[in-house]
Amino acid sequence: MQKQNILFNLDDTLAYCNRYFNQVIGEFADQMTIWFDSITKEEIEQKQLEIDLESINEHGLTSERFPESFVGTYHYFCGLTGKEKNTSDIEFLRELGFKVFKIPVEPIPFMNETLQQLKEAGHQLYLHTGGDEANQRRKITQLELTTYFEHRIFISEHKDTTALSNILKTIDADPERTWMVGNSLKTDIVPALEMSINAIYIPAEQEWEYNMVEVKVKPQRAFLTLHSLQEVPDAIHKHIMEEDQFKNNFSSNSFNVYNQKEDGDNFFI
Ligand SMILES: [Mg+2]
């Protein structure tokens, strides 16, 4: 079997992530509704999301932006309601935001089994994750991911097509034998399709609005949607077998056509 290069995303592909952010955003909104009793929890969460997404566009996926989005939301509603800003409130919110980076992460079911199976099949596994170095390394260490990825780990603050293109150049990957597996249409799937590699989309249990975009790129290779990580090895192996079958059929059909043409030419001579 042809060995493949398989790039995995980390957050919400191999380990849970959004659930921790949602938990902390919930605590934030609860506290804010106590300070701003005329504002609903939904309005607070919507504003926080808006401020957070604006900040990513400007600064990338740095950890600091998340607690700062709480502070920004607080400033916004103080301005809107006339509430006096309080330094201890701001400090409280900043600390609450940073709490998300201290929660131990849990692997998605079958993470170890899936990676082990692909490793044993001889494929080269890579990790491509978005975020800042310290926070992503914390999770990689905690989940003992170097067992599977060793030094083949890439952390991007701007996780886009340029970042993927640089990785593919670094690892000198043949697009036909290279895969990106991830939960984000925006940062995993669209870049993979734009780079003409194979893509596997596994939707997350709870998705972040940032990751949801319409896919307008026409796939040049396999583009699969799976609903569980453990389906990945069979899906890739099935695709390799189908490709081999197609190539074998194609070469034997070409041979037949060639022979028929030769026969025909002979007939007319
Ligand atoms: Mg992800």
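Modeller: A residue is called buried if 20 or more other C-beta atoms, placed from the backbone, lie within 10 Å of its own, exposed if 12 or fewer do, and partly exposed in between. The model is predicted, so local features need pLDDT of at least 70 and side-chain atom pairs count only at pLDDT 80 or more, whereas totals for chains, interfaces and linings use all residues. Residues are numbered from 1 along each chain as its sequence is written.

Colleague: With that in mind, is I90 buried, partly exposed or exposed?

Modeller: I90 belongs to helix α4, which covers residues 87-98 (helices, H or I with at least four residues, and strands, E with at least two, are DSSP runs numbered from the N terminus). Inside 10 Å of I90 there are 15 C-beta neighbours, so I90 counts as partly exposed.

Colleague: Which residues does I90 touch, if those up to four places away in sequence are not counted?

Modeller: A contact needs C-beta atoms, placed from the backbone, within 7 Å. L61, for comparison, is 29 residues from I90 in sequence and lies 22 Å from I90 in space, C-alpha to C-alpha. The residues that I90 touches, once those up to four places away are left out, are V71 and Y74.

Colleague: How far apart are the centres of domain 1 and domain 2?

Modeller: Domain 1 takes in residues 5-15 together with 110-245, while domain 2 runs over 18-101, with bounds from an automatic or database domain assignment. The contact between these domains takes 14 residues from domain 1 and 11 residues from domain 2. Taken over C-alpha atoms, their centres are separated by 31 Å.

Colleague: Turning to the sheet, which strands stand at the edges?

Modeller: The open sheet is formed by 6 strands in parallel pairing, and their order is β3-β2-β1-β4-β5-β6 (two strands pair if DSSP finds at least two bridges between them). An edge strand has a single partner, so one side of that strand is left without a neighbour in the sheet, and this is the situation of β3 (153-156) and β6 (223-225).

Colleague: Which residue of β2 is the bridge partner of F8?

Modeller: Strand β1, residues 5-8, pairs in the parallel sense with strand β2, residues 124-130, over 4 bridges. Within this pairing of β1 with β2, I6 stands opposite L125. The partner of F8 in β2 is L127.

Colleague: Which residue of β3 stands opposite H128?

Modeller: The strand β2 is mostly covered, since 6 of its 7 residues are buried. It runs parallel to β3, and 4 bridges join β2 to β3. Opposite H128, in β3, stands F154.

Colleague: Near what value is phi of F110, a residue other than glycine?

Modeller: F110 is found in the loop between α4 and α5, the latter covering 111-120. With 15 other C-beta atoms within 10 Å, F110 is partly exposed. Phi of F110, which is positive, is near 70 degrees.

Colleague: Is E144 buried, partly exposed or exposed?

Modeller: E144 lies in the loop that joins α6 (133-142) and α7 (146-149). Although E144 is a residue other than glycine, its phi has a positive value, near 55 degrees. Inside 10 Å there are 10 C-beta neighbours, and therefore E144 counts as exposed.

Terms used
Contact = placed C-beta atoms within 7 Å.
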